[in-house]
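Visitor: I would like to go through this structure with you and ask what stands behind the words used for it. Could you show me the molecule?

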Amino acid sequence: MEERWSTEHVLSLAPDAPSRKAAGKLSSPAPWSGTGTDGQALWGECKGSGSTPYRTVVELTTPAYRCSCPSRKFPCKHALGLLLLWSGSPEAVPAGGEPADWAADWLKERQERTEQAAERRTAKAEAAAADPAAARRRAEKRSARVAAGAQELRLRLADRIRHGLADDGAGRSGWEEVAARMVDAQAPGLATKVRELDHTAQGDLLEEYAMLHLLATAYGRVDELPEALGATVRARVGFTTETAELLTGPTVRDRWQVLGVRDTPDERLTTRRLWLRGAKTGRPALLLAFGRPGQAPDLALPTGQVLEAELAFHPGARPLRAVLGTRHGAPQPSDDAVPAGVSPAEALAGYGAAVAEDPWTESWPTVLTGVIPVHDVDGWHLTDGRDTLRLHRAGLPEPALWRLAAVSGGRPVTLFGECGHRGFTPVTVWDELGRPSGLTQ
Amino acid sequence: MTATRTEPAAQADAWEELRTTALLGTDRRPLPAPAGSPALVAAATAVDRTDPATALLELAALTAVRRRAGARPGAVQPAGPAAPADPRPELPVAAARRLTVLLDGRSGSAGGTLANLTELLPQWLATARARGLRPPAALLPALLDSARARSELRGDAVALAGPLGRWLAERNPDWRFVLRTVTDAAGTGDPAVPTSTGDPTGTGDPGAVGDRAAPGDEHRIWHEGLFAERVTHLTRLRRTDPAAGLDLLRGTWTTERAEDRLLFLDALQDGLSPADEPFLEAALGDRSKNVRATAAELLSTLAGSALATRMAERARAAVRLAGTGRALLVTPPSECDAAMQRDGVAPKSPTGRGERAWWFGEIVAATPLRTWTDDTGLTPARLLGLPVGDAGPDGSGTDPADGTWTDDLREGWARAAVRQHDADWARALLGPAPRPGRDGRTARTAGAPAKLLAVLPAPERAAWTAAFIQAHGLGEAFQLLGACATPWTPPLSTAVVAALERAASSGTYPWSHSGVLGMTERALAPEAAPAVEALASDAAPDTAWAETFARLAGTLRFRAAMLAELDV
């Protein structure tokens with residue numbers, strides 16, 4: 001018997017709030033006929049206002065969606081409605097059947113396309129490797145531009161320190177222009193950090209200047225650094241490694257438990273972060289996925305479930321970000337619903353260890369266990385009766401924090417989130433029955 | 001930034017030195033000397049100081065990384081008491097999903113093939129509450145937010161939220177209304193939904209947890225609480241221990257403001273008994289006119305009260321059975337004396353009707369209905385059938401059939417029937433259910449039929465309304481339907497569907513029935529779905545009625561699924 005997704009997970013796949021709402025109306029059996037699932041896919045026909053029903057298929061592993069409706073939203077309300085129906089009323093979507101012909105056709109076609117894409121990826125990686133001389137020339141050219149950018153940034157930072165951060169004219173604005181210079185210098189990582197300076201509280205400015213100075217300085221000597229730390233510096237400055245290239249390297253196969261997910265939308269792109277932890281290796285991993293407006297990011301894994309798969313990690317002193325390679329089966333319920341965690345003191349020690357290896361680490365994915373969320377005049381805290389961690393909001397909306405308080409009800413809970421020098425930012429909480437709740441929206 | 005961090009003072013000082021220098025600028029202030037732990041001093045000493053600005057950044061980087069790597073948790077903070085356990089079983093998965101969807105649908109409207117989901121939320125809440133279920137904790141904030149925005153949801157939402165809801169409300173000022181909401185059976189919700197659930201765990205209504213507050217607390221809420229909290233507290237107390245509630249009110253009565261006295265007095269409706277009479281009698285002498293009127297109204301519903309007896313005396317003086325029981329003769333009061341005014345009759349007619357008619361109506365409305373049947377030995381129906389005439393100046397009566405006071409008398413009886421919840425009188429006043437083909441729009445029905453209907457038992461209400469709709473269609477049925485319990489009984493639903501069919505075939509437009517249609521989506525029995533679907537397929541395609549029926553059918557299916565999910 002496959003594990004059906006939680007309502008929350010299904011709703012998290014929706015590209016926007018109207019889609020969620022429309023899907024809710026399609027979540028009862030009434031408009032559906034010919035529904036079924038074989039554990040890998042769902043299918044069904046949904047009666048709309050027209051004479052022919054819409055044909056909807058969902059492939060559960062990726063997940064991927066197909067619907068004959070004309071919606072430009074992706075996934076559409078029919079796909080979401082079918083998922084809701086399946087998750088909430090198992091009897092309404094009978095298991096074990098064969099897909100209808102139209103569903104089977106699409107699923108087969110899709111599988112072929114996926115295989116072709118994998119082949120193309122491999123071919124591309126091989127092509128890149130085929131002309132190492134050209135690749136090296138390109139890399140050297142870019143390195144030089146980034147180095148010049150980093151040097152300029154050091155001068156700019158030092159200038160402002162010379163004049164004083166309290167000097168509003170010099171210290172508090174104008175970083176946008178420098179950020180543009182960093183983009184020109186092909187150092188997008190530096191550009192992002194520089195842009196943030198305009199929004200940093202004055203009390204925190206020196207710390208941010210110092211860390212940015214450290215990064216720019218480190219890039220100036222990147223070839224002298226140990227290889228892993230050098231990779232960290234390159235990644236933070238803005239060098240990326242192609243997924244295909246990573247996947248040709250070593251991968252880690254494990255049963256990866258999904259600890260949580262957070263979407264960060266901006267006007268052009270929604271970034272989805274998915275945190276995993278290997279059941280065998282205990283390694284944390286962070287996957288990123290992206291979606292344009294009106295489209296959900298292309299990767300979705302249900303929090304709490306376990307996926308047997310191979311991951312390739314981006315190189316670095318403290319590898320965390322990874323890409324998803326071969327999957328071995330669909331996500332499944334975890335043996336231990338609630339992940340094992342640490343105390344607040346251990347969590348901070350763990351973050352400290354991460355900083356020791358990669359000084360620019362802002363936070364480290366951490367499972368806290370046995371903590372009670374407390375709301376008082378100073379804001380939100382997490383306490384285990386011995387120590388207290390400040391809860392760092394980091395854009396978390398108020399309702400999410402109250403959801404955390406409700407799930408806890410003043411009793412200790414297990415909490416996944418990011419532990420850093422600003423505090424702990426929660427992502428997922430497990431209730432007394434071991435069910436995860438997302439706290440990010 | 002420093003709340004999670006407890007660090008040695010020297011290290012904190014060193015950081016402050018660097019920060020001050022950075023704020024002023026290295027042009028104006030020299031670099032601080034290395035300080036802190038020996039390791040930090042050693043590292044700081046190694047920094048190249050040729051350019052002070054660069055050196056400051058390096059020192060700051062050194063110190064910042066050290067601070068981050070060495071961050072320590074803060075000292076323990078008291079966590080406070082946990083929420084009391086909630087023994088109710090949790091919602092089934094599908095029902096929890098439905099609640100998520102209904103709460104999610106609270107903003108905007110997507111239009112389309114179903115009723116607005118927000119309209120179905122009240123029914124979902126009432127049903128879930130009646131089933132004695134508990135929502136998953138993670139859904140409570142959204143539930144409480146909805147109830148905050150829509151006060152009509154509060155009774156059921158607060159009861160459903162249970163002890164955890166109260167615990168949250170004590171911590172989040174946005175949800176303070178939870179502490180002011182009375183949730184026990186009589187106060188709120190749909191009359192059709194049984195609110196006492198035969199709770200097998202014997203814990204009673206979890207919404208009433210506050211009733212078990214320590215006596216000291218009660219005292220505190222009454223003396224220090226916000227006004228709404230005090231009303232809630234008094235109402236709760238009246239439902240469990242009316243005498244204690246009265247004592248509490250009596251204790252502070254003379255110090256309360258007039259507006260507050262009025263609403264506190266209103267709260268005495270719960271658990272009203274002869275024991276309250278002396279207090280209410282005294283309130284007849286209150287400075288505030290509204291307080292006096294409310295006290296009089298409460299006393300008039302206490303059948304054995306002195307006020308009711310005084311009113312009955314006045315009524316007997318005003319109405320007399322004449323012609324050996326074949327007519328009623330009316331002698332309305334000629335003045336509103338001080339005693340009448342003290343008993344709550346306003347000397348000036350607020351409606352602009354004749355003053356004598358007004359005084360007369362007030363007296364009849366405040367007279368125990370039993371007075372009439374006991375005095376005459378006639379049933380309400382017989383009394384209503386008698387001609388009514390003016391007794392005339394000599395009291396001998398003019399034409400007893402002139403009907404001068406008929407409407408005033410019936411109006412007064414109707415008000416009394418509603419006030420005293422007298423089903424026999426309400427039934428007699430409404431008359432038999434109208435029958436098609438006859439002009440049963442009983443010119444004789446006095447008062448507001450919807451109010452009289454509300455006095456009758458639910459099945460009778462539904463049957464009467466169904467008959468009314470069969471006879472008269474939907475045109476005037478809106479308020480009557482509103483008085484019926486939801487979901488409507490199958491016969492009432494059938495009558496409504498048939499009336500809609502007639503409306504569709506008679507060429508009217510759906511939007512001329514939009515009020516009834518909106519109610520229908522919430523209240524029609526789900527069993528009516530096949531009939532509505534048949535109407536949808538019979539209607540001419542792409543017409544407004546086809547769309548209306550299709551939407552109604554879809555909504556019924558949705559409601560049927562929604563309610564089925566709550567069956568455990």
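Guide: Gladly, and please keep in mind that this is a predicted model. Let us start with a hairpin in chain A, formed by β3(A) and β4(A) with 4 residues between them.

Visitor: What makes β3(A) and β4(A) a pair of strands?

Guide: Pairing requires at least two bridges between the strands. Strand β3 (residues 54–59) and strand β4 (residues 64–67) of chain A have 4 bridges, in the antiparallel sense, so they count as paired. One of the bridges links T56(A) to C67(A) in β4(A).

Visitor: How do you know that β1(A) and β2(A) pair as well?

Guide: The reasoning follows the bridges again: β1(A) and strand β2 (residues 41–46) of chain A share 4 bridges in the antiparallel sense, and two would be enough. Among the bridge partners are W32(A) and C46(A), the latter in β2(A).

Visitor: Why are β1 and β4 of chain A said to stand at the edges?

Guide: The open sheet has 4 strands in the order β1-β2-β3-β4 (chain A), with antiparallel pairing. β1 (32–37) and β4 each have a single partner strand, so one side of each is left without a neighbour in the sheet. From one strand to the next, the twist averages 10 degrees.

Visitor: What is unusual about the peptide bonds before P63(A) and P75(A)?

Guide: Most peptide bonds are trans. The bond from T62(A) to P63(A) is cis, with omega near -10 degrees, and P63(A) sits in the loop between β3 and β4 of chain A. A cis bond also joins F74(A) and P75(A), where omega is about -5 degrees. P75(A) belongs to the loop between β4 and α3 (77–88) of chain A.

Visitor: What makes the phi of Q186(A) and of A394(A) worth a remark?

Guide: Most residues other than glycine have a negative phi. Q186(A) is not a glycine, yet its phi is positive, about 60 degrees; A394(A), not a glycine either, has a positive phi of about 45 degrees. Q186(A) is in the loop between α7 (175–184) and α8 (188–197) of chain A, while A394(A) is in the loop between β13 (387–390) and α13 (398–408) of chain A.

Visitor: Why is Q186(A) called partly exposed?

Guide: Partly exposed is the range between the cut-offs of 20% and 50%. Q186(A) has a relative accessible area of 32%, so the term applies. A394(A), at 46%, counts as partly exposed too.

Visitor: Why does E281(B) count as buried?

Guide: Its relative accessibility is 17%, and buried means under 20%. E281(B) lies in helix α12 (residues 277–283) of chain B. Beyond its neighbours within four places in sequence, E281(B) is in contact with L299(B), A306(B), L307(B), R310(B) and R342(B).

Visitor: How do you know that E281(B) makes a polar contact with R310(B)?

Guide: The contact is between their side chains, at 3.0 Å, and the cut-off for the N or O atoms is 3.5 Å.

Visitor: Why is α9(A) called roughly perpendicular to α1(B)?

Guide: The axes of helix α9 (residues 202–220) of chain A and helix α1 (residues 9–24) of chain B come within 10 Å and cross at roughly 95 degrees. Angles of 65 to 115 degrees count as roughly perpendicular, so the description fits. By class, this contact has 5 nonpolar, 2 polar and 2 charged residues. Among those that meet are L206(A) and E207(A) in α9(A), and W15(B) and R19(B) in α1(B).

Definitions and conventions
Residues are numbered from 1 along each chain as its sequence is written. Chains are lettered from A and ligands numbered from 1 in the order in which they are written. This is a predicted model: local features need pLDDT of at least 70, side-chain atom pairs count only at pLDDT 80 or more; totals for chains, interfaces and linings use all residues. Side-chain values use heavy atoms; hydrogens and water are left out. Helices (H or I, at least four residues) and strands (E, at least two) are DSSP runs, numbered from the N terminus. Buried means under 20% relative accessible area, exposed over 50%, partly exposed in between (1.4 Å probe, protein chains only). Contact means heavy atoms within 4.5 Å. A polar contact is a pair of N or O atoms within 3.5 Å; within protein, one must be able to donate a hydrogen and the other to accept it, and residues adjacent in sequence count only if both atoms are side-chain atoms. Axes are lines fitted to C-alpha atoms, for helices over the stretch in contact, and angles run from 0 to 180 degrees between N-to-C directions. Angles under 35 degrees count as roughly parallel, over 145 as roughly antiparallel, 65 to 115 as roughly perpendicular and the rest as oblique. Ala, Val, Leu, Ile, Met, Phe, Trp, Tyr, Cys and Pro count as nonpolar, Asp, Glu, Lys and Arg as charged, and the others, Gly among them, as polar.
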